[in-house]
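Here is a friendly briefing to read alongside the model. Please keep the sequence and the 3D view open as you go.

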Amino acid sequence: MTDREMEILLGEADVSEKYYGVVVTRVRKRINRLGESELEALEAHDTLADELRDAVCE
């Protein structure tokens with residue numbers, strides 16, 4: 001996620017409701033892609049998938 005996307009999602013940036021929705025959709029698509037394609041590659045490594053889970057769940 002970009003710094004700008006984080007600002008928008010945290011409500012720190014003044015954007016239109018429509019643009020906020022665009023950002024939410026963009027981030028959601030990245031999350032879904034990670035779940036489908038990159039997680040398999042992370043699982044193939046000894047610890048990367050676990051590190052991702054730890055970082056997200058903290």
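What follows covers confidence, overall fold, salt bridges, surface and a few single residues.

This is a predicted model, in which local features need pLDDT of at least 70 and side-chain atom pairs count only at pLDDT 80 or more, while totals for chains, interfaces and linings use all residues. Residues are numbered from 1 along each chain as its sequence is written, and side-chain values use heavy atoms, with hydrogens and water left out. The chain has 3 helices and 0 strands, and its pattern along the sequence reads α-α-α.

**Confidence**

- The predictor's confidence in each residue is given as pLDDT, on a scale from 0 to 100.
- Across the chain the mean pLDDT is 90, with 98% of the residues at 70 or more.
- Helix H1 has the highest confidence, at a mean of 96, and helix H2 (residues 17–44) has the lowest, at a mean of 87.

**Fold and overall dimensions**

- Helices (H or I, at least four residues) and strands (E, at least two) are DSSP runs, numbered from the N terminus.
- By that scheme, H1 covers residues 3–9, H2 covers residues 17–44 and H3 covers residues 48–57.
- With this α-α-α pattern, the chain has a radius of gyration of 14 Å, well over the 10 Å that the globule rule gives for 58 residues, so the chain is more spread out than a compact globule.
- That radius is taken over C-alpha atoms, and the globule rule is 2.2 Å times the number of residues to the power 0.38.
- The C-alpha trace spans about 45 × 20 × 15 Å along its principal axes.

**Burial and surface**

- Residues are called buried under 20% relative accessible area, exposed over 50%, and partly exposed in between (1.4 Å probe, protein chains only).
- Of the 58 residues in the chain, 12% are buried.
- The accessible surface comes to about 4900 Å², and carbon and sulfur atoms account for 52% of that surface.
- These areas come from the Shrake-Rupley method with a 1.4 Å probe; for residues, only the protein chains shown count as cover.
- Met1, Met6, Leu9, Leu10 and Tyr20 make a nonpolar surface patch of about 480 Å².
- Patches are made of residues with over 30% relative accessible area and no salt bridge, joining like charges within 9 Å and nonpolar side chains (Val, Leu, Ile, Met, Phe, Trp, Tyr) within 5 Å.
- One member of the patch, Met6, sits in helix H1 and counts as partly exposed because its relative accessibility is 35%.

**Salt bridges**

- Side chains of opposite charge can pair when their charged atoms come close.
- A salt bridge here is a side-chain nitrogen of Lys or Arg within 4 Å of a carboxyl oxygen of Asp or Glu, and the count comes to 5.
- Within helix H1, Arg4 pairs with Glu7, their closest N and O atoms being 3.4 Å apart; the two residues are 3 apart in sequence, about one turn of the helix.
- Both partners are partly exposed, Arg4 at 42% relative accessibility and Glu7 at 33%.
- Glu5 and Arg26 form a salt bridge at 3.3 Å, N to O, and this pair links distant parts of the chain, with Glu5 in helix H1, Arg26 in helix H2 and their positions 21 residues apart.
- Glu5 is buried at 2% relative accessibility, whereas Arg26 is partly exposed at 30%.
- Arg53 and Glu43 meet in a salt bridge at 2.3 Å, N to O, which ties helix H3 to helix H2 across 10 residues of sequence.
- Arg53 is partly exposed at 36% relative accessibility, and so is Glu43 at 43%.
- Salt bridges that share partners also join Glu5, Arg26 and Arg30 into one network.

**Leu39, Ser37 and Ala49**

- Leu39 is in helix H2 and is partly exposed, at 27% relative accessibility.
- Leaving aside residues up to four places away in sequence, Leu39 touches Leu34 and Ala49, where contact means heavy atoms within 4.5 Å.
- From C-alpha to C-alpha, Leu39 and Ala49 are 6.8 Å apart in space, and in sequence they are 10 residues apart.
- Ser37 also lies in helix H2 and is partly exposed, with a relative accessible area of 46%.
- The C-alpha atoms of Ser37 and Ala49 are separated by 12 Å, with the residues 12 apart along the chain.
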